[in-house]
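User: I would like to learn how to read a structure like this one. Can you take me through some features in turn?

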Amino acid sequence: MLRIDRLTIPGLPALSFEVAAGECLCIEGPSGSGKTRILRAIADLDPAGGQVFLEGAERAELSATEWRRRVRYVAAEPAWWADNARQHVKSGIGGSRFERTSVSLGLAHGLLDLPLTQLSTGERLRLSVARALSDEPRVILFDEPTGALDAQATALTEELIRFQILTGRAVVLVSHDVAQVGRLAHHRLLLGAATTSTAPASADPAHRITGAVSALRAKLSGQGQ
Amino acid sequence: MNAPTLNLADLGLASLLLLINVILSWSFRLHLERSIGLAAMRMVVQLGAVGLILKLVFEQASGALTAALAMVMVAAAGWEVMSSQQHRFAKRWLHWGLGTTTLLIAGTAGTLYAALAIIGPEPWWTPQVLLPILGMVLGNTLTGVSLVLDTLTETAKRERGAIEAKLALGLSRFDAMHEVLARALRIGLMPVMNSMAVAGIVWLPGMMTGQILSGTDPMEAAKYQIMIMFVLSGATALGIVIAGIGGVWMLTDRRHRLRLERLNGLTHPSNRPV
């Protein structure tokens, strides 16, 4: 579904990999190794060389706005521009989906109408996940979606991510939580100073979600440029 | 009645008032004596030169010379816009080009409308009409354009997260920057709105003062001033819209990305001496 072909980001080797519908690729690596930059480049928020395909269509064939409607980047630090969360999503189908998703993440109904300044960091983070899913993007790029969450909220968020995968979306997940990677990843991409490599998911099979696990075609290309 | 002409001794008397500034600086240890002196000297030299140049252009009564002087004024105003910004575009010509193009369009439109449609001098390019109006239009538009670009870049930098969140949700660059642009335009319109609101009450416009001093009937001077204020408001609005949209254009790219790295944010030339 999502195919990355020689994505070139300054300071990183060219990356090529593929994430099929119903699969989750986890990107791991120390801080500053470029995980966020990869997600931003895939969403076309930063200029990068190489090609990115969604269901066979190269991103240059689509307008940038259309691309980001389908390939959604969910930032680690959510930003808001209106007073309350509800104003950030158009009312209608998207609005009710936003509300349902928020509730499934353990957020109370009325939270959407409270001033965002009154909410906790974790509540705002979950709201931003729900906001990102409100128009049903095809590919979701999560940047530490549970970074500021307690165990219970983390479990609910993982459940939501699992649901997105099971309903045929492609997910790319940046996470520092090794156990979480084990629970969600079909494939892993390890970033390091000079040792960027890919490996199949190594978690206990009992924690792995069901679904087709196709061979990871991630490969390293253009190393040492 | 005609105002008596001023001679050098009169100007010398006027310049004594500068001593108040110097004494102020001394007694409060502001260390501004040098800056005050330099600013005063610049003012005398610049205005003297302008007087001489205008005298020359008026005597020659040449369309080409009028146009040349007008272009110099536009270029100088464009330079002033660029050098008063907190955040400049890293490519200097881009920034200078935006300011100058904006002022060229707004200045030409405002001046020609005032001269051709309203005043109607003979010949139409009469420098005594065109150049002072162009000067006033440029001066006001310059303030508006400076404020718009400064607010736009500063707000875009501060609101980077929100702008990128909107872009990530699939909004276009103009949708994502709409609130930032609106804020910049509102601030850019303020000076001309304020000066219209208080004109005549708090402040007697310079042009009107000059006309009255040189013997024009106050009612005639007022009518001229009203006309000029309308021209200034129109030209400023035109200028800030061009600058605002051009600024959004330059802060983003074709793929609707925010490109703040095009700004060179570390220079603060607003702190430079007068």
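Analyst: The turns below go from chain A to the contact between the chains, then to a pair of helices and two single residues. Keep in mind that this is a predicted model.

User: How many helices and strands does chain A have?

Analyst: The secondary structure of chain A consists of 6 helices and 11 strands. Of its 225 residues, 43% are buried. Sequence separation of contacts is another thing to read: among contacts in chain A between residues at least 6 apart in sequence, 72% join residues at least 24 apart.

User: How many residues does each chain give to the contact between chain A and chain B?

Analyst: Chain A supplies 17 residues and chain B supplies 13. On the chain A side, the elements that give two or more residues are helix 2 (64-70) and strand 6 (71-74). Helix 2 of chain A gives the most, with 4 residues. By class, this side of chain A has 10 nonpolar, 1 polar and 6 charged residues.

User: What describes two packed helices?

Analyst: The angle between their axes and the distance between the axes. Take helix 6 (residues 127-158) and helix 9 (residues 178-198) of chain B: their axes come within 8 Å and cross at roughly 155°. An angle over 145 degrees counts as roughly antiparallel, and therefore helix 6 and helix 9 of chain B are roughly antiparallel to each other. Their crossing is right-handed.

User: Which residues of helix 6 and helix 9 of chain B meet?

Analyst: From helix 6 of chain B they include B:Gly144, B:Leu147, B:Val148 and B:Thr151. Helix 9 of chain B contributes, among others, B:Ala184, B:Ile187, B:Gly188 and B:Pro191. The residues of this contact divide into 12 nonpolar, 6 polar and 1 charged.

User: Now a single residue. Is A:His109 buried or exposed?

Analyst: One counts the C-beta neighbours inside 10 Å, and 12 or fewer makes a residue exposed. A:His109 has 9 such neighbours, so it counts as exposed. A:His109 lies in the loop between helix 3 (93-104) and helix 4 (121-133) of chain A. A:Glu99 is 10 residues away along the chain, and the two C-alpha atoms are separated by 7.2 Å.

User: Where does B:Ala40 lie, and how many other C-beta atoms are within 10 Å of B:Ala40?

Analyst: B:Ala40 is in helix 3 (residues 33-60) of chain B. With 15 other C-beta atoms within 10 Å, B:Ala40 is partly exposed. B:Ala40 and B:Ser15 are 25 residues apart in sequence, while their C-alpha atoms are 8.9 Å apart in space.

Notes:
Residues numbered from 1 in each chain as written. Chains lettered and ligands numbered in written order. Predicted model: local features only at pLDDT ≥ 70, side-chain atom pairs only at ≥ 80, totals over all residues. Contact = placed C-beta atoms within 7 Å. Nonpolar A, V, L, I, M, F, W, Y, C, P; charged D, E, K, R; others polar. Axes fitted to C-alpha atoms, helices over the stretch in contact; angles between N-to-C directions. Parallel < 35°, antiparallel > 145°, perpendicular 65-115°, else oblique. Left-handed = near helix turned anticlockwise from the far one by under 90°. Buried ≥ 20, exposed ≤ 12 C-beta atoms within 10 Å, placed from the backbone.
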